[in-house]
Structures are given as structure tokens and as C-alpha cells.
Amino acid sequence: MTVMAPSADKQLTGLVAATFTPLTTEGEINLSVIGPYIDYLTEKQGVNNIFVNGSTGEGLSLTVEERKTLAEDWCVKAKDKKVQVIVHVGCMSLKDSQELAQHAEQIGADAIAVMAPFFLKPKNADVLRSYLQEVASAAPTRPFYYYHIPAITGINVLVRDLLEGIDELIPTFRGVKFSATDLMDFGQCVSYIQPNWSLLYGVDEQLLAGLAMGADGAIGSTYNYAGCHINKLIAAFEKGDLVQARTIQFRMQEILRFAIKLGFDIGVNKQLMIVLSGLSLGPPRLPVMPCPHDIAVSIAQKYRHIFPEC
């Protein structure tokens, strides 16, 4: 496949949906859903950027070959809809990450992202930078993002420390998916970044705080089904209407607070997406457990009560 020209200097902004991986009832990947999924995001939610094979997509529970197949299908079908695709290529093995990065470049992904390996963890910012450099070098024409999610990886290296001199090691470095609650670290990153970098906030329930600190956009799972409302939050913030922006954020928090009491996790979130969208996404893959249908329906009812249709 011909490598597409990179969009390395185009800053990524706005909402990015962290997509679920469609599976059959037997637990195999289901490519037939990806086209309708993209249509749902663009037409119903106003979301034109996607993040595939990440945490929400259970990327670390998929084989390398499954991830390649999914990434290629997302990229082919998204191209027709002018949707940008960021492919997460992080693995426990450096060689696997490099293989996925090279593949993402070959299929024309708009960018790649990497979370740090978390079985044998990098000890400090210098080691983590070196690791990211090795992955990025396998896809030298793709914009590269670091995926910071310490609640999953257990790696608490400050992103501000990681950014020090990173563009010298990784010329394609273009930003961070910052899925953490340390707003001091986030703010220090904002004060340091280069003009063509993007800081994408990844804690959906406090996006407004991230925007106030200077986030360029956001990546999250709830934007799969709440993107239309969160787009209104961003628009209100950009107009200086903090009352409206807070109202939407607090409503989203109320929904998530309700969901958390019912055991909100990837399995529950995926079933909620199924109920709200009507897409046949299938069950999660073990060790994530399927969500009882009645729990997802209860959360969906709460969602529809708080958020009427866009």
C-alpha cells in the first residue's frame, strides 16, 4: 500500500473519540461494523477524529495481527469520510510496537500514539524518551504522540520532564494524550509546548478544567456517544460562556457518577455505547467482563434524561 503524505504540521484540535473494538459474539473482530460506526460518529456526534486500538478499544488484549487488521480497516473507511485516525501502537514489547508503528505508516494513518510499557517499566524520563524514540523511528513520516495514562500504566514520570528536548530526539513529535488528573503537570506542559504540538486532555469528567489550562482538544471514550454535547461545551468555552460550559460538564459528571456506582468500566461503557447507538459492537474480551444489559439500559435512561437529543 502506498504511504500517504504526513500531516505533521497540522495541529490536532477538537474532539477525538477513543473507539471501541467491534467483536462478534464469539469474540472475533468484526470489521463490518466499522463503516456504520464512523457514520455514527460523524453524522450523529460531530466527531471527525478517532483513536483506535487504545484502552477503550482493548488494544493490549488484541494480537498484533488483529491490531493491524483493525487499524487498516479504520484507516481505509475513515479516509472516505475525511476522518483523521490516530493509531495506538503501544505494546509490552518494543519490537511489537515498532512493527505496529511501521504498519500504521504503511496504511496511511494520520498519526501514531504510544503508551509506555508497564510490565517492565521505564525508570525515569530519560529511559522513557529513549523508548519512545525507538518506536517513533519505525514510522519516520507519522506525527507521534505520547499517551500518558498513569492510572493504567503505573508510570508517574512527569510529562513536563519527558518533554524536555524530546523534539530533538523525535522530530515527528506532535503532542500528548494526557489522561491524568495532575493539572499542575498539564499546565507546565502547556507553558512549554511548541506551536505545532497538541495537548489533548483525556479525563472526560473534567475536560473543562483541561480547556481552562490550555488543552487543544480531548480524547475520550464518552465522546463516542456524548460528542454532540461536549462539542457544545467546547463552543461555549470558546465564546466565554462559562455558565453554559459548566452546566454541560456538570451534567456529564452526574451521568458518570451514576454509572460509577453501577460498576462503570470498559465492559459497561461498551454496552452503554451499544444501547445508545444501536451498533453491534459485541462483548468485551476477557479479562473484561460483559455488562448486564439492564445496567447499561439504566445508565442510558439516566443519560437521555439529562441530555436530550442534540
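A contact here means that heavy atoms of two residues lie within 4.5 Å of each other. With that in mind, start with the whole protein on screen, remembering that this is a predicted model: among contacts between residues at least 6 apart in sequence, 74% join residues at least 24 apart.

Next, show the protein as a cartoon, where you can look for 13 helices and 8 strands. If you switch to the C-alpha trace and turn it along its principal axes, it spans about 50 × 45 × 35 Å. The radius of gyration is 18 Å, which agrees with the value near 19 Å that a compact globule of 310 residues would have.

Now display the surface, whose accessible area comes to about 13200 Å², with 54% of it belonging to carbon and sulfur atoms. Buried residues make up 56% of the 310 residues. If you then colour the charges, you will have 26 positive and 32 negative ones, and the mean positions of these two sets are 5 Å apart.

Finally, select the aromatic residues, among which a search of the whole structure finds 9 aromatic pairs. Begin with Phe178 and Phe186, whose ring centres are 5.0 Å apart and whose planes stand at 65°, so this pair is edge-to-face; both Phe178 and Phe186 are buried. Move on to Tyr303 and Phe307, an edge-to-face pair with 5.6 Å from centre to centre and 65° between the planes, in which Tyr303 is buried and Phe307 is buried too. As a last stop, select Phe173, Tyr192 and Trp197 together, since ring pairs link these residues into a cluster.

Definitions and conventions:
Residues are numbered from 1 along each chain as its sequence is written. This is a predicted model: local features need pLDDT of at least 70, side-chain atom pairs count only at pLDDT 80 or more; totals for chains, interfaces and linings use all residues. Side-chain values use heavy atoms; hydrogens and water are left out. Helices (H or I, at least four residues) and strands (E, at least two) are DSSP runs, numbered from the N terminus. The radius of gyration is taken over C-alpha atoms; the globule rule is 2.2 Å times the number of residues to the power 0.38. Buried means under 20% relative accessible area, exposed over 50%, partly exposed in between (1.4 Å probe, protein chains only). Accessible areas come from the Shrake-Rupley method with a 1.4 Å probe; for residues, only the protein chains shown count as cover. Lys and Arg count as positive and Asp and Glu as negative; His and the chain ends are not counted. The place of a charge is taken as NZ of Lys, CZ of Arg, CG of Asp or CD of Glu. Rings of Phe, Tyr and Trp (its six-membered ring) pair if their centres lie within 6.5 Å; planes under 30 degrees apart count as stacked, over 60 as edge-to-face and the rest as tilted.
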